[in-house]
Amino acid sequence: MAENPPIPELMQFYELSEQNPEELLKQMAEIRFLKEEKKEAPEELLVLSKFVYSLTATKKRGFAEFLLLDEYSWSYSTPSNFGAYRSRKISSMFPEAKVADISCGSGSQLLELCKETAAIGFEKDTLRYWLAKINVNLAFHLKYIPIKPPIYNLDGLSVEAQALAKEALVILCDSWREGENYSPDLKDVFNIYKGKFIVYELKPLERINFVLQRYPFLFSKSEIEYFGEGERCSRLTVYF
């Protein structure tokens, strides 16, 4: 399968994560220090600084400190601490089952899955796909994960993704906002991945309340998770 062309501004960081990850981690540490001191990064680090946050902010949000995250991932991705909890839960429910993360974003949840079981990732947004590949390289270098999971720049509901996820018993999906709607819709995930176990995440709080009012049976199959700055960051994870 042909790989989509990399985004130019990320290519240098992807190559560095492959060939000299220690240098990339060193640059990231310098940026974190400068952001902690509320200082501007030097010109040669300005591009990289768009994807790096201060250590204090990173810990507050619950992300692993080595992750590169775009603005959307920073706001909406599953924090590493919740991803770790969810991965342990999935592993206990479905021992040794392969998991397909069909909306893996920058890879924060996918990395936690890799600690517990075999996993595969799909991300249709090309920027976040390349960020995920960089994060996988860094995580493997740091021995955060035992093996690099395959990641594909595909819509998780596409025919190609379905074929690649054929051996996965569990389908994990973190829905994302598209205008006023959320994608992929829970019904679409069920219809496309019939016979699979589904783990589906919803956010923000208004969306959670709407879904629980409309489908009250979900109360017995779900957990409401809270993190960060109050209810604004609430999410609901449903286990089918």
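1. Let's start with a term: a cavity is a set of points, on a 1 Å grid over the protein atoms alone, where a 1.4 Å probe fits but cannot get out, and its lining residues have an atom within 4 Å of a point. The second largest cavity here is lined by Arg32, Tyr53, Thr58, Phe63, Ala64, Glu65, Leu67, Leu69 and Trp74.

2. Please keep in mind that this is a predicted model, where local features need pLDDT of at least 70, side-chain atom pairs count only at pLDDT 80 or more, and totals for chains, interfaces and linings use all residues. Residues are numbered from 1 along each chain as its sequence is written, and side-chain values use heavy atoms, with hydrogens and water left out.

3. Back to the empty space: the whole structure holds 2 cavities of 30 Å³ or more. The volume of the second largest cavity is about 30 Å³ (the space filled by probe spheres set on the points).

4. Now look at strand S2, residues 119–122 (strands are DSSP runs of E, at least two residues). Ala119 and Gly121 point one way, Ile120 and Phe122 the other, and all are buried (under 20% relative accessible area, 1.4 Å probe, protein chains only).

5. Which strands does S2 run parallel to? One is S1 (residues 99–101), joined to S2 by 3 bridges, with alanine 100 opposite isoleucine 120. Another is S3 (residues 151–152), joined to S2 by 2 bridges, with phenylalanine 122 opposite tyrosine 152. Two strands pair if DSSP finds at least two bridges between them.

Terms used: Buried < 20%, exposed > 50% of the residue type's maximum accessible area, 1.4 Å probe, protein only. Helix = DSSP H or I, 4+ residues; strand = E, 2+ residues; numbered from the N terminus. 1 Å grid on protein atoms, 1.4 Å probe; cavity = no way out; pocket = protein on both sides within 12 Å on 5 of 7 lines; lining within 4 Å.
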